[in-house]
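Dear colleague,

I am passing on the structure we spoke about, together with some notes on what I found when going through it. Please have it open while you read, since the notes follow the chain residue by residue in places.

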Amino acid sequence: MAQAMRRNSSVSLFATDGKPHPLQDTLMGITLVLGVLALVTAMFHHLHLLSSWAGLVGIITGGYGMYVSATTRERFVLILGLGASALGFFLGMAHGGLFGGVLG
């Protein structure tokens, strides 16, 4: 019964397997911040450049983060960031796009 009394050595908020994941945590944070930025700036029509680019970069970093993720918590936060990034990207594209009025 020594297995049942094993102490939980994981005190990290993000890694549930007891191992450090600095790359995954960084990608998770970047994706979440870019997703929130894209979603908030998509509410303003004149900030379509910022929302579309932040959304695009958030989708790319979130996709790579999903590829290298190791725990369920990482995947959960990445899905939230990916959803916000995609929504901000699509609204930014609808309001003027990545280059709307700058090139041409």
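Ser51 has a relative accessibility of 1% and therefore counts as buried, the cut-off for that class being under 20%. Ser51 sits in helix α2, which covers residues 48–68, and, once its neighbours within four places in sequence are left aside, Ser51 is in contact with Ala38, Thr41, Ala42, Gly88, Phe89 and Gly92. Please bear in mind, here and below, that this is a predicted model.

One of those partners, Phe89, deserves a few words of its own. Phe89 belongs to helix α3 and, with a relative accessibility of 13%, it counts as buried because that value is under 20%. Setting aside neighbours within four places in sequence, the contacts of Phe89 are Ser51, Ser52, Gly55, Leu56, Ile59 and Leu98. Between the C-alpha atoms of Phe89 and Thr41 there are 9.9 Å, although the two residues are 48 residues apart along the chain.

As for the chain as a whole, the protein chain contains 3 helices and 0 strands, so that, read from the N terminus on, the order of elements is α-α-α. Of the 104 residues in the protein chain, 36% are buried, and the chain exposes about 6700 Å², of which carbon and sulfur atoms supply 72%. If one takes the contacts between residues at least 6 apart in sequence, 76% of them join residues at least 24 apart.

The three helix pairs are best taken in turn.

For α1 and α2, the axes are 8 Å apart and the packing angle is about 155°, and the two helices are therefore roughly antiparallel to each other. Their crossing is left-handed. On the α1 side the contact includes Leu23, Gln24, Leu27, Ile30 and Thr31, and on the α2 side it includes Leu50, Ser51, Ala54, Gly55 and Val57. Sorted by class, this contact of α1 with α2 has 11 nonpolar and 9 polar residues, with no charged residues.

For α2 and α3, the axes come within 7 Å and cross at roughly 150°, which means that α2 is roughly antiparallel to α3. This crossing, that of α2 and α3, is left-handed. Among the residues that α2 brings to the contact are His48, Ser51, Ser52, Gly55 and Leu56, while those from α3 include Arg75, Leu78, Ser85, Phe89 and Gly92. The residues of the contact of α2 with α3 comprise 9 nonpolar, 12 polar and 1 charged.

For α1 (residues 22–41) and α3 (residues 72–95), the axes come within 7 Å and cross at roughly 30°, which means that α1 is roughly parallel to α3. In passing α3, α1 makes a left-handed crossing. Here α1 contributes residues including Gln24, Asp25, Leu27, Met28 and Thr31, which meet a set in α3 that includes Arg73, Glu74, Val77, Leu78 and Gly81. By class, the contact of α1 with α3 has 13 nonpolar, 6 polar and 3 charged residues.

Two exposed residues complete these notes, and you may wish to set them beside the buried ones above. Ile60, in helix α2, has a relative accessibility of 55% and counts as exposed because that value is over 50%. The C-alpha atoms of Ile60 and Thr31 are separated by 8.6 Å, with their positions 29 residues apart along the chain taken as their separation in sequence. Ala94, which is found in helix α3, reaches 63% relative accessibility and, by the same cut-off of over 50%, therefore counts as exposed. For Ala94 and His45, which are 49 residues apart along the chain, the distance between C-alpha atoms is 9.2 Å.

With kind regards

Key:
Residues numbered from 1 in each chain as written. Predicted model: local features only at pLDDT ≥ 70, side-chain atom pairs only at ≥ 80, totals over all residues. Heavy atoms only, no water. Axes fitted to C-alpha atoms, helices over the stretch in contact; angles between N-to-C directions. Helix = DSSP H or I, 4+ residues; strand = E, 2+ residues; numbered from the N terminus. Parallel < 35°, antiparallel > 145°, perpendicular 65-115°, else oblique. Left-handed = near helix turned anticlockwise from the far one by under 90°. Contact = heavy atoms within 4.5 Å. Nonpolar A, V, L, I, M, F, W, Y, C, P; charged D, E, K, R; others polar. Buried < 20%, exposed > 50% of the residue type's maximum accessible area, 1.4 Å probe, protein only. Areas by Shrake-Rupley, 256 points an atom, 1.4 Å probe, with all protein chains shown as cover.
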